[in-house]
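Colleague: Could you take me through this one? I have a few quick questions.

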Amino acid sequence: MNPTGLIAMAHADFIIISWVLSFVPIAAYAWRTLRRARQIDPLVSKDDKPWT
Amino acid sequence: MSKLPSSQVPPTRTSATRNLGILVLAGSVLLFLLGIFFTAEDVDQGSSVRIMYVHVPTAWVAYLAFILTAVASAGHLWGRRHSMNLDRLAGASAEVGVIFMGVTLVTGSLWGRLSWGTYWQWDPRLTTTAFLFVTYIGYLAVRGLGGTHQQRAKRSAIVALFAVLEIPLVHFSVVLWRSLHQKASVLRPNGNVTMDGLMLFTLMFGVVVFTGLFAWLVIHRQRLLAMIDAVEMRGIDAAIEARRAEEVNR
């Protein structure tokens with residue numbers, strides 16, 4: 001195993017942008033889901049959350 | 001490790017989803033290190049192969065998401081209890097699938113710029129994938145139409161059962177038509193995989209990580225949809241109660 005130096009990697013910009021554009025929208029979606037759940041939680045009774 | 005105050009703990013979280021989340025997070029970091037630093041460059045693709053470690057897993061998991069949407073929809077339509085949990089599972093899975101398919105299209109486009117010299121070509125694989133993406137955006141729009149929860153579940157289940165038929169068309173588009181897109185490297189009919197060991201391991205590890213991420217997202221989203229449905233039902237119940245009280249007072 002020879003770790004490749006990022007600076008020496010060809011097209012490092014395209015590759016890093018690809019990885020960022022893969023994880024950032026998914027993380028934003030996850031954050032939005034958890035935030036919405038917290039917002040409406042006071043309106044939901046315990047009976048409607050059988051997983052808790 | 002200090003505990004979060006109960007008001008900050010997401011109400012859709014359980015210890016199982018928390019553990020899954022930690023595993024997915026650790027797996028993502030390891031996948032990044034393997035994909036960027038430890039795997040070799042490809043003989044033909046050069047360093048652009050590193051985009052494949054996110055492009056291919058997100059594509060496969062998007063297929064999985066849409067298949068799960070269809071299976072849950074069939075379960076809702078033909079199940080004895082017409083379970084609303086299955087309807088919400090279908091909706092959550094389609095939402096996550098659309099995000100993963102969007103990621104597939106964007107990363108594929110960036111890879112295409114490096115390999116083909118263009119971000120987009122009206123190639124059979126690219127076109128059918130874009131069509132699949134738009135179809136599931138349509139499915140989500142159908143879910144957002146008015147009506148009762150049961151009406152929403154029934155009409156969106158029917159759409160999901162038709163939409164899933166596009167997946168074989170997308171997968172086999174590179175065989176059915178002359179395509180710029182490369183043919184399958186792993187899921188080949190003869191089972192002959194011609195990839196370096198660590199590259200293949202990283203690709204498969206990516207599939208595992210993104211599948212875990214998909215499961216985590218779908219569980220949380222499905223629970224959120226259940227909470228939203230409960231709030232809406234309570235609103236409807238309150239409106240009926242108010243109407244009845246109005247009738248009595250007349």
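Colleague: What pLDDT does chain B average?

Modeller: Chain B averages a pLDDT (the predictor's confidence in each residue, from 0 to 100) of 90, and 93% of the residues score at least 70. This is a predicted model, in which local features need pLDDT of at least 70 and side-chain atom pairs count only at pLDDT 80 or more, while totals for chains, interfaces and linings use all residues. Residues are numbered from 1 along each chain as its sequence is written, and chains are lettered from A in the order in which they are written.

Colleague: And the complex, what ipTM does it get?

Modeller: The predictor gives the complex an ipTM of 0.87, together with a pTM of 0.89.

Colleague: How many residues of chain B are in contact with chain A?

Modeller: There are 35 in chain B, in contact with 31 residues of chain A, where contact means that the C-beta atoms, placed from the backbone, lie within 7 Å.

Colleague: Which helix of chain B supplies the largest share?

Modeller: That is α7(B), with eleven residues; helices here are DSSP runs of H or I, at least four residues, and strands are runs of E, at least two, numbered from the N terminus.

Colleague: Switching to chain A, how many helices and strands?

Modeller: Chain A has one helix and zero strands, and that helix, α1 (residues 12–40), has 29 residues.

Colleague: Which residues of α1(A) are buried?

Modeller: They are Ile15(A), Ser18(A), Ser22(A), Ile26(A), Thr33(A) and Ala37(A), buried meaning that 20 or more other C-beta atoms, placed from the backbone, lie within 10 Å of a residue's own. What covers them includes α2, α3 and α7 of chain B.

How values were computed:
Two residues are in contact if their C-beta atoms, placed from the backbone, lie within 7 Å. The expected span of a helix is 1.5 Å times one less than its number of residues. A residue is buried if 20 or more other C-beta atoms lie within 10 Å of its own, exposed if 12 or fewer, and partly exposed in between; C-beta atoms are placed from the backbone.
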